[in-house]
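This report covers charged side-chain pairs and the setting of one serine. The sequence and structure come first.

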Amino acid sequence: MGALRVTVLLFSCLFYINAQADSPFRDLQFGENKLQILSDLKKICHTQKPMTDDALANKLLASDENKAHLRDARIALERNNQQNYWDALGKVECPEM
């Protein structure tokens, strides 16, 4: 019975360490995707006055329709599907500046 407990504990530790090691890379990938989407939306929306990325993101995310289109764009970017990515960004309604 002691060997079974040790084995379960070992697998639990390995799973925890693996989950912790993946987390920073997932956060980094999410950040890169966010910057890519915001950069492309700045080109599409042609903001009149300079805005921070956070301010632009908040304006874009104020609409439920935009949230859905931005989610679709993020998924397409993660899947490396450029056609769906640009289609989704083209559906985003640019905010009034």
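Asp40 and Lys43 lie three residues apart in helix α1, which means that about one helical turn separates them. The model is a predicted one. The side chains of Asp40 and Lys43 meet in a salt bridge, with a distance of 3.9 Å from N to O. The two partners differ in exposure: Asp40 has a relative accessible area of 3% and is buried, whereas Lys43, with 56%, is exposed. Asp40 counts as buried because its 3% falls under the 20% cut-off.

**Salt bridges**

Side chains of opposite charge can pair when their charged atoms come close. The count of salt bridges in the model comes to six. Three of them are described here, including the pair in helix α1 formed by Asp40 and Lys43. The table gives the N to O distance for each of these pairs.

| Acidic residue | Basic residue | N to O distance |
|---|---|---|
| Asp40 | Lys43 | 3.9 Å |
| Asp64 | Lys67 | 3.9 Å |
| Glu78 | Arg74 | 3.1 Å |

**Pairs in helix α3**

Helix α3 spans residues 64-78 and holds Asp64 and Lys67, which are three residues apart and so separated by about one helical turn. A salt bridge joins the side chains of Asp64 and Lys67. Asp64 is exposed, at 61% relative accessibility, while Lys67 is partly exposed, with a relative accessible area of 41%. Asp64 is classed as exposed because its 61% is over the 50% cut-off.

Glu78 and Arg74 also lie in helix α3, with a spacing of four residues, about one turn of the helix. The closest N and O atoms of their salt bridge are 3.1 Å apart. Glu78 is partly exposed at 47% relative accessibility, and Arg74 is partly exposed at 27%. Both values place these residues in the partly exposed class because 47% and 27% lie between the cut-offs of 20% and 50%.

**Ser39**

Where does Ser39 lie? Ser39 is in helix α1, which covers residues 2-45. With a relative accessible area of 32%, Ser39 is partly exposed. Ser39 and Asp53 are 14 residues apart along the chain, and their C-alpha atoms are separated by 8.7 Å.

Definitions and conventions:
Residues numbered from 1 in each chain as written. Predicted model: local features only at pLDDT ≥ 70, side-chain atom pairs only at ≥ 80, totals over all residues. Heavy atoms only, no water. Helix = DSSP H or I, 4+ residues; strand = E, 2+ residues; numbered from the N terminus. Buried < 20%, exposed > 50% of the residue type's maximum accessible area, 1.4 Å probe, protein only. Salt bridge = Lys/Arg side-chain N within 4 Å of Asp/Glu carboxyl O.
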